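Here's a quick briefing to read with the model open beside you. Keep the viewer handy and click along as you go.

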Amino acid sequence: KKNKLLGKRKAQNELSLVENEEAKSNKLLVKNLAFECTPDDVKELFKQYGSIRKVRMPKKVGQQNHRGFGFVEFTSPEEAMQAFKQLQHSHLYGRKIVIEWS
């Protein structure tokens, strides 16, 4: 029971941290991306919330595919916040994407 309560508090603290002005960044970490997903696919999904400076999807050494996550950098923290809020429960290639602050 104690662990459940701590988990709830942690989730509330993370949410208030996200809404805190100082915690804002203009870069988001997008996890659980399908391997067939391209940077253009990610850009297409996120561009409706603001102008994107860069989309980066790291690859494994010696591999063609990315590692299943990527970074989306917006020109302003406000645009990143809007995308963060609106795309929390989105799917791409049939997979629920997980968005965190980077």
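What follows is a short tour of the fold, the core and the charged pairs.

Bear in mind that this is a predicted model. The protein chain has three helices and six strands, and read along the sequence they come in the pattern α-β-α-β-β-α-β-β-β. Of its 102 residues, 35% count as buried. Among contacts between residues at least 6 apart in sequence, 64% join residues at least 24 apart.

**The sheet**

- Four strands make up an open sheet, in the order β2-β3-β1-β6, and the pairing is antiparallel.
- The edges belong to β2 (52-56) and β6 (98-101); each has a single partner strand, so one side of each is left without a neighbour in the sheet.
- From one strand to the next, the twist averages 20 degrees.
- As background, strands of a sheet pair through backbone hydrogen bonds, either parallel or antiparallel.
- Strand β1 (residues 27-31) is joined to β6 by four bridges, with the two running antiparallel.
- If you want a spot to click on, Leu-28 stands opposite Trp-101 in β6.

**Helices on the sheet**

- Helix α2 (residues 39-46) packs on the sheet and touches β1, β2, β3 (69-74) and β6. The direction of α2 makes about 140 degrees with that of β2.
- Helix α3 (residues 77-86) also packs on the sheet, where it touches β1, β3 and β6. For α3, the direction makes about 150 degrees with that of β6.

**A closer look at α2**

- Which residues of α2 are buried? They are Val-42, Leu-45 and Phe-46.
- Looking down the axis of α2, you'd find these buried residues within an arc of 90 degrees, so they line one face of the helix.
- It helps to recall that an α-helix has 3.6 residues a turn, so residues three or four places apart point the same way.
- Flip to the other side of α2 and you'll see Asp-40 and Glu-44, which are exposed.
- The buried residues of α2 pack against β1, β2, β3, α3, β4 (91-92) and β6.
- Leu-45, found in helix α2, has a relative accessible area of 16%, so it falls under the 20% cut-off and counts as buried.
- Leaving out residues up to four places away in sequence, Leu-45 touches Leu-87, Leu-92 and Ile-97.
- Leu-45 and Leu-87 are 42 residues apart in sequence, yet their C-alpha atoms are 8.8 Å apart in space.

**The nonpolar core**

- In soluble globular proteins, nonpolar side chains tend to be buried together.
- Here, the largest nonpolar core has 20 residues. Those with the most contacts inside it are Leu-28, Leu-33, Val-42, Phe-46, Val-72, Phe-74 and Ile-97.
- β1, α2, β2, β3 and α3 are the elements that give two or more residues to this core.
- What does Phe-46 contact, once its neighbours within four places in sequence are set aside? The list runs to Leu-28, Val-30, Ile-52, Val-72, Phe-74, Ala-83, Leu-87, Ile-97 and Ile-99.

**Charged pairs**

- Side chains of opposite charge can pair when their charged atoms come close.
- The count here comes to three salt bridges.
- Lys-31 pairs with Glu-100, with the closest N and O atoms 2.9 Å apart. This salt bridge links distant parts of the chain, since Lys-31 sits in strand β1 and Glu-100 in strand β6, 69 residues apart.
- Both ends of that pair are partly exposed: Lys-31 has 31% relative accessibility, and Glu-100 has a relative accessible area of 33%.
- Arg-53 forms a salt bridge with Glu-73, and the closest N and O atoms are 3.2 Å apart. Arg-53 lies in strand β2 and Glu-73 in strand β3, so the pair ties together parts that are 20 residues apart in sequence.
- Are Arg-53 and Glu-73 buried or exposed? Arg-53 is exposed, at 51% relative accessible area, whereas Glu-73 is buried, at 13%.
- Lys-47 forms a salt bridge with Glu-44, the closest N and O atoms being 3.4 Å apart. Lys-47 counts as partly exposed, at 47% relative accessibility.

Methods. Residues numbered from 1 in each chain as written. Predicted model: local features only at pLDDT ≥ 70, side-chain atom pairs only at ≥ 80, totals over all residues. Heavy atoms only, no water. Pairing = 2+ DSSP bridges. Axes fitted to C-alpha atoms, helices over the stretch in contact; angles between N-to-C directions. Contact = heavy atoms within 4.5 Å. Buried < 20%, exposed > 50% of the residue type's maximum accessible area, 1.4 Å probe, protein only. Arc of directions from axis to C-beta. Core = buried A, V, L, I, M, F, W, Y, C linked by side-chain atoms within 4.5 Å. Salt bridge = Lys/Arg side-chain N within 4 Å of Asp/Glu carboxyl O.
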